[in-house]
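Work through the three exercises below with the model open. Try each task before you read its solution.

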Amino acid sequence: VKDSGVAFVWESGAGAPASPSKKKKKHSKDKKSNSGSAGGGATVVKFPQDLGTFRGCYAFQGGDGKPLFCLGVNCKDRKSRVSTWRIAGGSHAARQVFRYAHGAAMTALAGHSGEATGNRLVATASSEGDVCVFSAGESSLTALHRVSNAHMIFVTDLSFSRDGRRLVSVSADAGARITCVT
């Protein structure tokens with residue numbers, strides 16, 4: 001996802017788009033002729049540009065078999081939010097639900113498909129060292145676990161264990177923390 005509100009989405013196994021810099025040029029020259037396709041099996045999806053600065057994206061398979069996207073955004077009001085989206089006809093996205101994640105800038109986002117447990121998870125982290133884990137449903141985002149001040153300074157990355165029961169967060173303070181999610 002680019003801050004311009006453009007995302008390249010492609011099917012698993014279809015291969016990545018040929019060259020992001022070439023696509024960006026092609027897309028910016030003629031948006032209409034390129035809407036919906038970026039080559040290499042990719043689809044160009046446009047998200048509203050007034051959301052803020054995109055911080056991360058994770059894709060799940062929805063109950064209907066279609067992709068459900070989770071986006072992390074730093075808003076203009078200096079808060080961060082996480083939202084779920086669906087591709088809504090052609091190359092536009094329709095927001096399903098959103099929630100404020102942190103009262104500060106989001107610095108990381110990670111997801112877990114929930115294939116084994118049936119519970120899709122999204123974790124976000126903030127510039128103040130906070131971590132939050134959400135359950136991402138078709139039309140809901142529920143905060144399951146919040147750790148305020150998990151780190152002394154901003155979190156640089158997050159990752160779930162294979163089974164989704166643990167979340168590791170690492171920070172610019174050279175610390176790592178393992179949080180039990182369930």
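**Exercise 1. Find the loop that holds methionine 152, and decide whether methionine 152 is buried or exposed.**

Step 1. The model is predicted. Go to strand S10 (141–147) and strand S11 (155–160); Met152 sits in the loop between them.
Step 2. Exposed means over 50% relative accessible area. Methionine 152 has 78%, so it is exposed.
Step 3. Look at the neighbours. Met152, Ile153 and Phe154 make a nonpolar surface patch of about 330 Å².
Step 4. Compare with the general trend: in soluble globular proteins, nonpolar side chains tend to be buried together.

**Exercise 2. Locate asparagine 149 and alanine 174, and state the sign of phi for each.**

Step 1. Asparagine 149 is in the loop between S10 and S11. Its phi is near 55°, a positive value in a residue other than glycine.
Step 2. Alanine 174 is in the loop between strand S12 (166–171) and strand S13 (176–180). Its phi is also positive, about 70°, and alanine 174 is not a glycine.
Step 3. Check accessibility. Asparagine 149 reaches 58%, so it counts as exposed. Alanine 174 reaches 76%, so it counts as exposed.

**Exercise 3. Name the residues that touch the most other members of the largest nonpolar core.**

Step 1. This core has 14 residues; Val131, Val133, Leu158, Phe160 and Leu167 touch the most other members.
Step 2. Strands S7 (106–112), S8 (121–126), S9 (131–136) and S11 each give two or more residues to this core.
Step 3. Take valine 131. Leaving out residues up to four places away in sequence, its contacts include Val147, Val155, Leu158 and Leu167.
Step 4. Another core, of 12 residues, lies apart; Cys70, Val82, Val122 and Leu141 are among them.

Terms used. Residues numbered from 1 in each chain as written. Predicted model: local features only at pLDDT ≥ 70, side-chain atom pairs only at ≥ 80, totals over all residues. Heavy atoms only, no water. Patch = residues over 30% accessible without salt bridge, like charges linked within 9 Å, V, L, I, M, F, W, Y side chains within 5 Å. Areas by Shrake-Rupley, 256 points an atom, 1.4 Å probe, with all protein chains shown as cover. Salt bridge = Lys/Arg side-chain N within 4 Å of Asp/Glu carboxyl O. Helix = DSSP H or I, 4+ residues; strand = E, 2+ residues; numbered from the N terminus. Buried < 20%, exposed > 50% of the residue type's maximum accessible area, 1.4 Å probe, protein only. Core = buried A, V, L, I, M, F, W, Y, C linked by side-chain atoms within 4.5 Å. Contact = heavy atoms within 4.5 Å.
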